[in-house]
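Here's a walk through one model, starting from a single side chain and working outwards. Have the coordinates open in your viewer as you read.

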Amino acid sequence: MDKKDKKERKSKCETPCREAFEPLHITVKTKTTLVLLLSSPEDNVVGIACEAIYGFAEKDDMKVYLMKLGVLEPLSQLISHSNELVRRNAFMVLSRMVTDSTVVKALQKMAVVPPIIKLLDDAVIKEYGTLCLSFLSVDPTFKVQIVENKGLPPLIKLLSSSEPDVQKNSLETIYNLVQNSQFWSAVRELGGVSLLLELLNSQYVVIQQLAVKTLKKVTTDKDSHGVLRKEQGPEKLVEVLKNETLQDLHVDALQIIANCISDSDIFQLVQNAGGLPLLMTLVLPPKLPDAESGPVKCMSHEIQSTAVECVSRAAQIPESHKVLHELKAEEILLDLLTVGNDGLKILACQAVAAMSSFLTSKEHFRELGLLPVLIRFLSSHNLALRGEAVQALANLTSGNKLNTVAIYEARGLRRLIRRLGDTCPRTVANAAAILCRIAGQEAIRCDVLSHGAMPALVKPLKSTDAQVLINATLCICELAFSAEARAQLWKANGLEPLVILLRSSHMEVLRCTCMAISVCAKDEPMAVEMCKFGALGMLQEINQSENSKSKFGEFALNSLIQSSLSLKFGLTDCLASTDVITDGFYDAGKSGFSQKVLTLEELSMEPVNQSLPIIAVNASTKNSEDGAQPKNEVQFESPHGKMINDVGLQLLVKEVKESILLLNDEVAQYAALAWRVSDAMGGAIEKEDMHGFGWLLDISLLKFQLQCNVVPIGMIRKGFYCHRALLFKYLADCIGLKCTLVRGHNNRAWNEIVLYKEDPSSDEYSIQPCCYIVDLMHEPGNLIRSNTSAAIRYNSI
């Protein structure tokens, strides 16, 4: 074949390849092929494939199937296609696919949000673009993507679109976004509140409903209230409530008002628009029809509940009181409490609690007989109703003695005390607060105790809620004025949890705990018991801390120390002339704040040790066969169980009372007492003979004979300074002579007295107090002027 023939043949073969085919009708039998066609370079093929897939995607199970075939990847690209028809069809398919949550989750890995937002101003695309976003915005990940890609501004702008579908889709997307509080401010700042209010007038119910629900969310933010006022939102919402054809919007409209009505300006706007009488009408329980008025339409429970919530919120501002009172809000709420279901009763209790901030309402509620109604709710099986009833009662009794007494008269004590065992901290705190106020009425305090209030307070003392602890400890302060009440707390094992509260870092809890401990420390046995739980050491730490120290801590520590003179002397080494030693006192030597505190009985039962004995003072004639002993008299026993009766001390007391009280001169009385103490304790000892006195051996032998660490002071025959000073103090207190007891070093102790003598240095007649140490060891009865060299020598020999 020559070159010419080859050239012609080549041209015949190539010509058809350069020309376009005539349209071909191809039958596609598999969905896989359709998905593959989405990647075709021919726009019309892609468009037709999208239309076909759109039809298949109508079925729910087909969406996931198409996703598994790989339809999402090409779709995510096609929504940005240069061909308008392809873009539109791709959006149609995507808007149908995203109705499935599995598809939405798969799309998180693809960048579909930016192109959608970019094309929201495309007239052809915006309907399906907003539809896609309305489904995607349900997902938390896509919510963030929409906002981060600046999707809110165009969406809010589209709220004013002339196309209802675009409005609806945009509004639904915004509604989904505002379910997260972090997006509320953005909607407000972009002018969304004004547009949402306008949409309340839409002719489409679904748009109205979405608009009011979105407003309900946005107005939860107090910063939106100013915009709402500016846009006449309160007035528009009241008009919605007045329009019976918009009943499906009433619940949400009421909720918006409830969100804002505690703002005094918005309250005024609602009032000016006639909203308050309307609210009270909605609060009223449904009435039964009668023959004259005809059938009455039953009010929606949601509307009624939300209206009550509005009243409750409105009552939080002073400006509302007069208006609500004139509208007979108190009577209406009482009616609601007697006929409503539990849900309405709960809301009504909240409204009562809010209105109780006004004195007039507090009084009026009592006059109407509302308190017994609330008291009955305290036994309800509905925990929420119980809690709100207690809250209402707490508010009604705050600063109101008459209401407090009314609860007692209505026999509410038992039910209130039961609420101390509830699981809800707020209920427990309020119950404790009310009981504290009732206990504050001295005439009825005993009845509070008789119903078991004190043992019931032990459980709240173990709470972790600060307000529960504060109210419980304050209640204990009110109840514990009587010895019986304090004994009840002790018997119920309430002292240990009370003391443990001294570890609290909450300053108010700490303050109230210190107050309660101060009251409970009036009884020496209770004070000692609290010390056994570590109260002394903890209070010492509190008072040394710059952060926690207070007058309450100091007072609590002082109360504990003063409650037990044995404890006080051990800690401070000094008893004042006003500290009167009684039977049961003991000297266990110097002790520290962190040292374990034991009772005299416990000390007497310990194994005999090598330490100096504990000196006990007990002239009581009571023993184990005499029956119950006086409250403040403490007997002790040896390890063998036999009560030790200090006959020697009994005789000394009898002798001193019979002889020394007959003396008229005070100095002579002190001197005579000093001689009697010295004589009982081995007589006068010359200073140079002190080393041979042998007091230590004598008292050690006595301890061994008794086989007890506790030695009765009346059995000591060779007493040292510390023993003589203690005996002198005890006997002086028995006959009314004033003296102190001071501990020094090396078993030294002494007594100081104050005598009033004429001042010779004054030109005019003047009586001056002079302090003296009473010599009990060397020259019994000799008075040594304090702060002199002689006094120093006596204390340090």
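## Starting point: Val238

Contact here means heavy atoms within 4.5 Å. With that in hand, take Val238: leaving out residues up to four places away in sequence, Val238 touches Val270, Ala273, Gly274, Gly275 and Leu278. Keep in mind that this is a predicted model.

Val238 sits in helix 17. Is Val238 buried or exposed? Its relative accessible area is 1%, so Val238 counts as buried. For a distance to check in your viewer, the C-alpha atoms of Val238 and Gln271 are separated by 9.5 Å, with the two positions 33 residues apart along the chain.

## Two helices on the inside

Two of the residues that Val238 touches, Gly275 and Leu278, are also on the list of buried residues in helix 20. The rest of that list is Leu276, Leu279, Met280, Leu282 and Val283. Why call helix 20 (residues 275-283) largely enclosed? Because 7 of its 9 residues are buried. The cover over those buried residues includes helix 17 (233-242), helix 18 (247-260), helix 19 (264-272), helix 21 (301-314), helix 22 (321-326) and helix 23 (329-339).

Helix 14 (residues 192-199) tells a similar story: 6 of its 8 residues are buried, so the rest of the structure largely encloses it. Those residues are Gly192, Val193, Leu195, Leu196, Leu197 and Leu199. They pack against helix 11 (152-157), helix 12 (164-177), helix 13 (184-189), helix 15 (205-218), helix 16 (225-230) and helix 17.

## Two helix pairs

Two packed helices are described by the angle between their axes and the distance between the axes. For helix 23 and helix 25 (residues 359-368), that's about 45 degrees, with the axes 10 Å apart. That angle makes helix 23 oblique to helix 25. The crossing is right-handed. On the helix 23 side, Glu330, Glu331, Leu333 and Leu334 make the contact; helix 25 brings Ser361, His364, Phe365 and Leu368.

Now try helix 3 (residues 43-56) and helix 6 (residues 84-97), packed at about 20 degrees with axes 9 Å apart. Angles under 35 degrees count as roughly parallel, and therefore helix 3 and helix 6 are roughly parallel to each other. Helix 3 passes helix 6 in a left-handed crossing. Asp43, Val46, Gly47, Cys50, Glu51, Ile53, Tyr54 and Gly55 of helix 3 meet Val86, Asn89, Ala90, Met92, Val93 and Arg96 of helix 6.

## Nonpolar cores

In soluble globular proteins, nonpolar side chains tend to be buried together. In this model, the largest nonpolar core holds 197 residues, and Met97, Leu107, Leu374, Leu502 and Leu560 touch the most other members. Helix 24 (residues 342-355) gives the most to this core, with 10 residues.

What does Leu502 touch, apart from neighbours within four places in sequence? Its contacts are Leu510, Thr513, Cys514, Ile517, Ala535, Met538, Leu539 and Ile542. There's also a second, separate core of 65 residues, with Val617, Leu731, Leu741 and Ile753 among them.

## A small sheet

What is the strand order in the open sheet of 3 strands? The order is 2-3-4, with mixed pairing. Strand 2 (585-587) and strand 4 (710-712) are the edges, each pairing on one side only. From one strand to the next, the twist averages 30 degrees.

Strand 3 (residues 614-617) pairs with strand 4 in the parallel sense over 3 bridges. One residue to click on is Ala616, whose bridge partner in strand 4 is Pro712. Helix 44 (residues 695-706) packs on the sheet and touches strand 3 and strand 4, its direction making about 105 degrees with that of strand 4.

## Two positive phi values

Most residues other than glycine have a negative phi, and most peptide bonds are trans. Gln232 isn't a glycine, yet has a positive phi of about 55 degrees. Gln232 lies in the loop between helix 16 and helix 17, and its 47% relative accessibility makes it partly exposed.

Asp573, also not a glycine, has a positive phi of about 65 degrees. Asp573 is in the loop between helix 40 (565-572) and strand 1 (574-575). At 17% relative accessibility, Asp573 counts as buried, because the cut-off for buried is under 20%.

Technical notes
Residues are numbered from 1 along each chain as its sequence is written. This is a predicted model: local features need pLDDT of at least 70, side-chain atom pairs count only at pLDDT 80 or more; totals for chains, interfaces and linings use all residues. Side-chain values use heavy atoms; hydrogens and water are left out. Two strands pair if DSSP finds at least two bridges between them. Helices (H or I, at least four residues) and strands (E, at least two) are DSSP runs, numbered from the N terminus. Axes are lines fitted to C-alpha atoms, for helices over the stretch in contact, and angles run from 0 to 180 degrees between N-to-C directions. A nonpolar core is a set of buried Ala, Val, Leu, Ile, Met, Phe, Trp, Tyr and Cys residues joined through side-chain atoms within 4.5 Å. Buried means under 20% relative accessible area, exposed over 50%, partly exposed in between (1.4 Å probe, protein chains only). Angles under 35 degrees count as roughly parallel, over 145 as roughly antiparallel, 65 to 115 as roughly perpendicular and the rest as oblique. A crossing is left-handed if the near helix is turned anticlockwise from the far one by less than a right angle, and right-handed if clockwise.
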